[in-house]
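Subject: Structure handover and notes on its salt bridges

Dear colleague,

I am passing on the structure we spoke about, and I would be grateful if you could look through it with the notes below beside you.

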Amino acid sequence: MDHLTVVVGLLAIVVLYTYTRGSIKPKFPKTLNDTYDYIIVGAGSAGCVLANRLSEDGKSTVLLLEAGGYDTDNPNVSTPMYPDKTIFSDYDWGYITEPQQNSHKAASRGKVSYWPRGKTLGGSSNLNYMVYMRGSRDDYDTWAREGAEGWSYDEVLPYFLKSEDINIESLKNSKYHSTGGLLKVSTSQVTPLQNIFFKAGKELGYKVHDCNGNDGDQEGLCETQATFGDGVRYGTDRAFLPTHLQPNQPLADPTYMLGYMLMLQKILFQVVIQNKRAVAVDYILNGRKHRVSAAKEIVLSAGVIGSPQILMLSGIGPKKHLDEMKIPVIVDLPVGENMEDHMLTPSEVDIDQPLSIQQNVAEGLLSTLRYKLFGTGYYNTPGRTEALAAFRLDKKQKSPDVQYQLFSSQFRFWDDISFFQYVDAKVISECETDRPGHGFTIYLVSPNHPKSRGTIRLRTKDPFDYPVIQPNYLEHQDDVDSIVNGLHLLNRFVKTKAMKAIGARMAHSKKPLSFCAQHIYATDAYWECYARHLSLTSYHPSCTCRMGAATDKNTVLDPKLRVKGIAGLRVADASSFHHVTAANINAPVIMLAEKAADLIRGIDSVKHLRKSKCNKDFFLAMVLVVGLLAIVVLYTYTGGPVPPKFPKTLNDTYDYIIVGAGSAGCVLANRLSEDGKSTVLLLEAGGYDTDNPNVSTPMYPDKTIFSDYDWGYITEPQQNSHKAASRGKVSYWPRGKTLGGSSNLNYMMYMRGSRDDYDTWAREGAEGWSYDEVLPYFLKSEDINIESLKNSKYHSTGGLLKVSTSQVTPLQNIFFKAGEELGYKVHDCNGNDGDQEGMCETQATFGDGVRYGTDRAFLKPALGRPNLHVGIHAHVTKKDDSIPGRDTKQESRGCRLHTKWEKTSRECRQRNCFVCGCHRFSSNFDVVWDRTEKHLDEMKIPVIVDLPVGENMEDHMLTLPEVDIDQPLSIQQNVAEGLLSTLRYKLFGTGYYNTPGMTEALAAFRLDKKQKSPDVQYQLFSSQFRFWDDISFFQHVDAKLIPNPAGSNCYIFQKTGKDHNSVNTAPFLQRDMSVKF
C-alpha cells in the first residue's frame, strides 16, 4: 500500500508538472506609450539580450517589439530533445527560398530550401539545436582586419564570457569560460557513441579538447556545449528577458515594455537639419496601423531576413532595386546582399550494436518520469547531439572549413525530424530500405567559409509579403569541394578501429543511392552528386546587413553597427556579421548583441573580464618590475610615444575646413569626419605636443605658459586693475598654440555653468541654447570616472572626454566642513538641475594619469580616418573668397595659409569653421571680412558685412588670497616631485602628479541675491604659489611684491618661508559687468 501511494504521488506530480508548467504567462501591456528611449524590433537571439542590457540602468525606457507570441514554457519549445517540434509550427515564419540551380535536387518542392526562422520570444534560439559554438580566432580577426574595427577575437571574447554560465565541471576554471552569466551552457551524454567518436578521431590524429577554448583554435573533437540547463532549453527569452517577464511575475518595471503579436511595417524617417534620422516605427496590430517614436535610437534585430526587409521597405537599400519597387531611396546601401550560409549534409552510419537513441525508448514511460522528476536523461540531450568536431581540411584556410555534429540516432527512427518535410518521399523511402536497427548520423556542416553569395530582395511593397530569398547554394565549386572533403574524412572515420568494433559502415555503401548510381561509390563525383541532392541549409544565414569599415561600399553598417547615412538607427543580429563564423551562429549573435548594447550605451561593461592573469613566479615578477622601471626611464627621457605622422601636402579641396585645433576644433574634426564620407581639413598654427610631459602631466598646467605652446598675448594697459603688474598694468593672456589649444594649458576644470546661464542665452535670442537643450551635448562628450556620479542623470560614461577627480590632502574635507558651517551644501556642482551653489570635489578633464585635452580625447581617436587631414604649423592668414570658378557673393569658400612647406589657398566645398579662439578669430576676420565698418575703414579693409566682430568681450577675473596654516597638510614641491611620488605616478598614474593643477575642490556662491546663479567661484589650490618655481603668476607680478621676509604680514606672496604650510583659495568674479573690445 505504501509503495502504491508513492507511485500514485509521483504520477500526480508528473501530471501537474506537465499540464500546469508555464501556464501562468506574464502580463503584457495592451497599450504602449507614444515614445521610448530605445525601440528594439525583433525579440530573437539578439533582441532579448539588447532589451535586458539597455533597460538594466533602470532609467532608459525600452520597447521590445515581436511579431510572435510567448511560448517559452511550451514543452515543444522548452524540451532539449525536441528542436524539430517547433518547425512548421506557429512559432516559425516558414520562409521558402527560390528554386536552386546547383543544389536541393532531391527536394520535394521544386529545388527550394525551407528556412525556419523563429516567430516567438527568443526567436530562432527557440527553434535551433542549441549548439554553443563561438567560431575561431581567425573568424573575428578577419572581421577586424577587413575593417570591422573592435571585433577581433580578443575584443569579442569578453562578451562571450559576460553572457555565459558554464555548467560543465571540467570547464569551470578555464579562462575561456565563465560562470554567473545569464545564459546556461551545459552538456549531456546518454550513449557510448560520444566516447567511440572521440577514439576514432584520436586514431586519425585529432585531439579531444574544448572547441571554444584553446585560444580560438577550434580544430579537434569536443563534447557538445549547448544552451540548456536545469532540464530546459535556454533561449534568449528565458535567459535574458527581465525576471518580471517570466511566469508568476507581474509587469512591474515602468522602464521596460514589450509588445508582441505585432507586424512591423516600416521605419519612419525624418530629415532634420540635412541629417537623416530614424525617429519612429510603424507597426500593424489587429489590422490597425500604429506608430511609436524613439527618443534615442531604433535597433533592428529582426534577423537575417526581417532586418533587410524592413530597411528596404523604409527606403534604405540598393537604389536599382528600390527604384524597381517604386520606393523612394533615402540611402543607397547594399542591403540584402552578401548573404552567406552554411550547408548541412546529413550522413548516416549504420552500426551492429544497440548503442544509439531509439524513439520508443527515449519517449518511454521511464525516460519521461526521469526527465519530469529530475530533468535528466534522453529528453535532456540537446537535439540528441552528443559531440562536435571541427576540421581544417583545406590547409589554405586558417580555421576549420568542416564541422561535424554527432546525432546519436538516425533520422529514419524519428517522426518529428524536419528533414523529411522537404525531401522527396521516394528518396526517403530509398534511404530507409534494407537498413539495420541502429546507427547514428553526422551532420556535416560545410563550407564554413562559403564563397557562394546570396541575396534578399523585396517581392512587393507589402510588408506582409515574404521577400525573395536567393541563397545561390553551391554556385561556387570550392563550396562543393569542401563538402566532398568532409564526406571523404567521414569515410575514414568509419574505417577506424574504434568504429569497426561496433560494426560501423556508411549507409548505402553496399547499395549506392540510385540518383547517384552513375558514379562509383565514395569517389569525388559520387559525393558531389550526393551533396547536390541532399545538402540543405544549416540554418545559419547571415551578413545581409553586413558591417565593416565606414568607407567599404560593400557594407551597410559601420563597426558600431550604425546604418550608414542614418542617425539613430542600428542593426544588431546575424545580418550584421561581416562574414559568417566557422560555427553555429547563435552564440556569436548573442555576443554581438552584448557588445552592441555597450556601443549604444557608450560603456565598457566587460572591463573586468579583460584582466590578464599574471604569473606569480618571483622571477617573472622581478622581470616585470625591471621592465616597468625601464619604461619609466624611457618615458621620462624620450617624452612619451612617437607622434603620429601628419601630411606634408594637403588636398586642394575639402568638404569642411576647420581653422584652429583647439578646444572646439578637435571636437569638430572628430564629429564632422565620423561618417567616413565628408572630407575634413583641420588647420593648426601650432604643433603636436599631446604626449610631452609638460602638457600631459595633470599637476603641471603652468609648465606650458610662456612656452612654444602659448601664443603669449598681452592686453592694453588697464586703467582700473593690474596695478601690481610688472609690465605697465597690462595683463598676460596665455592661449594655446598646439593641437588641443588652451585645453592643454588650462587647469582642466570641468564646470559647465548654471541653468540660468544657458536659459539667459535662449531668453535673449540664442534659440536652442537653453540648459535643457545643451545638457545632452555635455553628456555626449563625457566619460565620468567619479564613482559617486556614474549613475547620476547629469553625467554619462562612454564619451570621449574623461572627467575625473583627485584628492591627495585632507584640505578638501576641511574646506567642505568650513562651508557646511556657513550653511553651504556639498554636492555635485554640475548636477542639481543646473543649480551650482555649494561646494564639490574637483571635476577636471584628466584620466588614466594624463591631461585630457581635446586633442587626446577627440582628435587622437580620429587621426587614422582617411577622410580627415590635419595640417600643423599652418598659419591661416585670411578667409579666401577668390577660389576660381566660385560664386563668392556673401559666401566663404576657402582660406589662405602659410605652412612650413607652402603659401597657398584651400577650397571648402561646404562651409569654413573658424574656431581659432576669440583673439585669432577676430584678427583673421579683420583681414578680409567682418568687423565694425568704422574700424575696417580705419584699417583700409574693404567691408563685406558690417558686424560687431571683436566687441562685447567678457572675461572672469581671478584673485589670489593665500591662507597660512600651522599643520603640515598642504602639497610641497619637494615632496610632490620627489622620487617616490614620481615612481608612483609613472607606474600607476596616481598621487600628486595626478592632481589637476593641485586643485582639490571647487565652490560656487550666490552672494548677490539679485542674481539667479552664483557670482563668485572658489578653486582650492592645496598649496601656495610661493612654494613652486613654475607658477605663471610670478611672471607678470612686480618682482618687488614677491619676495618678503618670513613672518611678515605686509605682502601676501612670499617665496621664502620654507617651514610654512599654506593653502590658496582662488576666487573668480563670475559676473563681469565690464564689456570691452
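In this predicted model, the count of salt bridges comes to 33, and a few of them are worth following one at a time while you have the structure open. As background, side chains of opposite charge can pair when their charged atoms come close.

One of these pairs is made by D215 and R137, whose side chains meet in a salt bridge with a distance of 2.8 Å from N to O. The two residues belong to distant parts of the chain, since R137 sits in helix α4 (residues 137-145) while D215 lies in the loop between α6 (193-203) and β7 (220-223), and 78 residues separate them. D215 counts as partly exposed, because its relative accessible area is 39% and that class covers the values between 20% and 50%.

A second pair that joins distant parts of the chain is D352 with R505, where the closest N and O atoms are 3.0 Å apart. Here D352 is found in the loop between β16 (343-351) and α10 (359-362), whereas R505 is in strand β22 (residues 505-506), 153 residues away. D352 is exposed, with a relative accessibility of 54%, and its partner R505 is partly exposed, at 23%.

Is each partner in the salt bridge between K289 and D282 buried or exposed? K289 counts as exposed because its relative accessibility is 51%, which is over the cut-off of 50%, whereas D282 counts as buried because its value is 0%, which is under 20%. The closest N and O atoms of K289 and D282 are 3.6 Å apart.

Salt bridges also link R53, E56, K162, E594 and R601 into a network.

Returning to helix α6, you will find that its buried residues are L193, Q194, I196, F197, F198, A200 and G201. After α6 comes G205, which has a positive phi, near 95 degrees.

Finally, a word on confidence, which should be kept in mind when reading the model. The mean pLDDT of the protein is 82, and 78% of its residues reach 70 or more. Over residues 246-257, however, pLDDT stays under 50, and for this stretch the model has 42 contacts beyond four places in sequence. Residues 883-891 also have pLDDT under 50 throughout, and for them the model has 13 such contacts beyond four places in sequence.

With best wishes

Key: Residues are numbered from 1 along each chain as its sequence is written. This is a predicted model: local features need pLDDT of at least 70, side-chain atom pairs count only at pLDDT 80 or more; totals for chains, interfaces and linings use all residues. Side-chain values use heavy atoms; hydrogens and water are left out. A salt bridge is a side-chain nitrogen of Lys or Arg within 4 Å of a carboxyl oxygen of Asp or Glu. Helices (H or I, at least four residues) and strands (E, at least two) are DSSP runs, numbered from the N terminus. Buried means under 20% relative accessible area, exposed over 50%, partly exposed in between (1.4 Å probe, protein chains only). pLDDT is the predictor's confidence in each residue, from 0 to 100. Contact means heavy atoms within 4.5 Å.
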